[in-house]
Amino acid sequence: YIIRFHLDQGAVPERDENDQMIRIGFRSGEVWAFLWEGAHAEIEESVRHSAWFGLVRTFQIVLSGPARPETEIAWVFTQQSV
C-alpha cells in the first residue's frame, strides 16, 4: 500500500532527530507534527495544480508497506506550541 499526504505550498517537512515524527513548518510560523504507526514514512518532492498558479512545487509525506489482512496503519497531525 501507499498513502500520500500532499502538503500545502511553502510547507517544509523535516524528520526529527529520533526519526519518530515529521515536523511541518509553515510560512505563518505554525508548526505541526505528523506521527504514524504501522508503516514506513518518507518525505518526497511533489507538485500540485493550482487554478491560479498552475503547477506548484511542494512536498508530500508517503506512508508505505506490504498490504496484508492484519495490517493496521495509524496517523495523526497535531499542532505544536510555538
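Here are three short exercises with worked solutions on this predicted model.

**Exercise 1.** Work out in what order the strands of the open sheet run, and which strands sit at its edges.

*Solution.* Start with the order: the 4 strands line up as 2-3-4-7, with antiparallel pairing. Now look for strands that pair on one side only: those are strand 2 (12-15) and strand 7 (74-79), the edge strands. Neighbouring strands are turned by 20 degrees against each other on average, ignoring direction. Zooming in, strand 2 and strand 3 share 4 bridges, and E14 stands opposite R23 in strand 3.

**Exercise 2.** Find the residues of the largest nonpolar core and the strands that supply at least two of them.

*Solution.* First, list the 10 core residues: F5, L7, A11, I22, I24, F34, W36, A41, I61 and L63. Next, map them onto strands: strand 3 (22-25), strand 4 (31-37) and strand 6 (54-64) each give at least two. Then pick one member, A41: leaving out residues up to four places away in sequence, A41 touches R15, I22, W36, V62 and L63.

**Exercise 3.** Take the salt bridges R48–D8 and E45–R57, and decide whether their partners are exposed or partly exposed.

*Solution.* Begin with R48 and D8, whose N to O distance is 3.7 Å. R48 sits in strand 5 (residues 40-50) and D8 in the loop between strands 1 and 2, 40 residues apart. Exposed needs over 50% relative accessible area, so R48 at 30% is partly exposed, and so is D8 at 43%. Now E45 and R57, at 3.9 Å: E45 reaches 60% and R57 67%, so both count as exposed.

Conventions
Residues numbered from 1 in each chain as written. Predicted model: local features only at pLDDT ≥ 70, side-chain atom pairs only at ≥ 80, totals over all residues. Heavy atoms only, no water. Core = buried A, V, L, I, M, F, W, Y, C linked by side-chain atoms within 4.5 Å. Buried < 20%, exposed > 50% of the residue type's maximum accessible area, 1.4 Å probe, protein only. Contact = heavy atoms within 4.5 Å. Pairing = 2+ DSSP bridges. Axes fitted to C-alpha atoms, helices over the stretch in contact; angles between N-to-C directions. Salt bridge = Lys/Arg side-chain N within 4 Å of Asp/Glu carboxyl O.
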